[in-house]
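Student: I'm new to this one. Can we go through it together, and can I keep asking how each label is earned?

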Amino acid sequence: MTQRDVPEEPHRPLVDAVLSNSAARAAWLVDGGPEPRLPASWAALWEAAVARQMLLADQTEPEAQRAVSTLTSHLSALQHNAAWFRADDRLREQAIAETLLYVTRLRTAVRSRPAQLAWHHRRDPATEMAWLDAWKAWADER
């Protein structure tokens, strides 16, 4: 992937690559076979997302690196832990959109804000459950 091939808004393609790889890894753990690999475009997408994050959220490079890492970790964990995220395309798309808006600071007053905040406060099984409960409440309202 060349610089010309990197999308202007790289967060979403990066999220799509992460979620695809995460699903493939989960299947691989069950079924075996060749280990899934990230796409060849991974590094370029990551760099582009970090650069865009710096601009959108007025963050330093280390802050943007952490924000993009948090974004991908959050959505991967949601995919792994929330059946509705895997089963309901509409809810998954809304959750991804709100998480993107929140992380990039384009809109922090999203309906999933309690879940977004809970993600940052996970420290133990109880706070992990609070995060999942906040997302479940969000999904149930839809």
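What follows is a chat about burial, helix packing and a couple of backbone angles in this predicted model.

Student: Let's start inside. What makes a set of residues a nonpolar core?

Tutor: Its members have to be buried residues of the nonpolar kinds listed for a core, joined through side-chain atoms within 4.5 Å. The largest such core here has 24 residues, and those with the most contacts inside it are Leu75, Leu78, Trp84, Phe85, Trp131 and Trp135.

Student: Which helices supply at least two residues each of this core?

Tutor: They are α1 (11–31), α3 (61–81), α4 (83–87), α5 (89–104), α6 (113–120) and α7 (125–141). Of these, α7 gives the most, with 6 residues. There's another core lying apart from this one, of 7 residues, including Trp46, Ala49, Ala64 and Val68.

Student: What does Trp84 touch, beyond residues up to four places away in sequence?

Tutor: Trp84 touches Leu78, Leu91, Arg92, Ala95, Trp135, Lys136, Trp138 and Ala139. As a rule, in soluble globular proteins, nonpolar side chains tend to be buried together.

Student: Why is His11 called buried or exposed, whichever it is?

Tutor: Buried means under 20% relative accessible area. His11 is at 5%, so it counts as buried. His11 sits in helix α1. Setting aside neighbours within four places in sequence, His11 is in contact with Ala49, Arg52, Gln53, Leu56, Val68, Leu71, Leu100 and Thr104.

Student: And Leu106: how do you know whether that one is buried or exposed?

Tutor: Same routine: the cut-off for exposed is over 50%. Leu106 has a relative accessible area of 54%, so it is exposed. You'll find Leu106 in the loop between α5 and α6. Past its neighbours within four places in sequence, Leu106 contacts Leu56 and Leu101.

Student: How far is Leu106 from Arg92 in space?

Tutor: They are 19 Å apart, C-alpha to C-alpha, and 14 residues apart in sequence.

Student: You mentioned Leu101. What puts Leu101 in its accessibility class?

Tutor: Partly exposed is what lies between the buried and exposed limits, under 20% and over 50%. Leu101 comes out at 23%, so it's partly exposed. Leu101 lies in helix α5. Leaving out neighbours within four places, Leu101 is in contact with Leu106, Arg107 and Val110.

Student: On to helix pairs. What makes α3 and α6 parallel or perpendicular?

Tutor: Angles of 65 to 115 degrees count as roughly perpendicular. These two pack at about 110°, with their axes 11 Å apart. Therefore α3 and α6 are roughly perpendicular to each other. Thr70, Ser73, His74 and Ala77 in α3 meet Ala115, Gln116, Trp119 and His120 in α6. By class, this contact has 3 nonpolar, 5 polar and no charged residues.

Student: Why is α1 given the label it has relative to α2?

Tutor: The axes of α1 and helix α2 (residues 42–57) come within 8 Å and cross at roughly 135°. That is outside the ranges for parallel, antiparallel (over 145) and perpendicular (65 to 115), so α1 is oblique to α2. Their crossing is left-handed. In α1, His11, Pro13, Leu14, Ala17 and Val18 meet Trp42, Leu45, Trp46, Ala49, Arg52, Gln53 and Leu56 in α2. The contact of α1 with α2 has 9 nonpolar, 2 polar and 1 charged residues.

Student: What makes α3 and α5 parallel or antiparallel?

Tutor: Over 145 degrees counts as roughly antiparallel. These helices pack at about 160°, with axes 10 Å apart. So α3 is roughly antiparallel to α5. The crossing is right-handed. Ala67, Leu71, His74, Leu75 and Leu78 in α3 meet Ala95, Ile96, Thr99, Leu100 and Val103 in α5. Sorted by class, the α3 contact with α5 has 8 nonpolar, 2 polar and no charged residues.

Student: Last thing: what is noted about phi of Asp58?

Tutor: Its sign. Most residues other than glycine have a negative phi. Phi of Asp58 is near 50°, a positive value in a residue other than glycine. Asp58 is in the loop between α2 and α3. At 69% relative accessibility against a cut-off of over 50%, Asp58 counts as exposed. Arg105 also has a positive phi, near 65°, and its place is in the loop between α5 and α6.

Methods
Residues numbered from 1 in each chain as written. Predicted model: local features only at pLDDT ≥ 70, side-chain atom pairs only at ≥ 80, totals over all residues. Heavy atoms only, no water. Buried < 20%, exposed > 50% of the residue type's maximum accessible area, 1.4 Å probe, protein only. Helix = DSSP H or I, 4+ residues; strand = E, 2+ residues; numbered from the N terminus. Contact = heavy atoms within 4.5 Å. Axes fitted to C-alpha atoms, helices over the stretch in contact; angles between N-to-C directions. Parallel < 35°, antiparallel > 145°, perpendicular 65-115°, else oblique. Nonpolar A, V, L, I, M, F, W, Y, C, P; charged D, E, K, R; others polar. Left-handed = near helix turned anticlockwise from the far one by under 90°.
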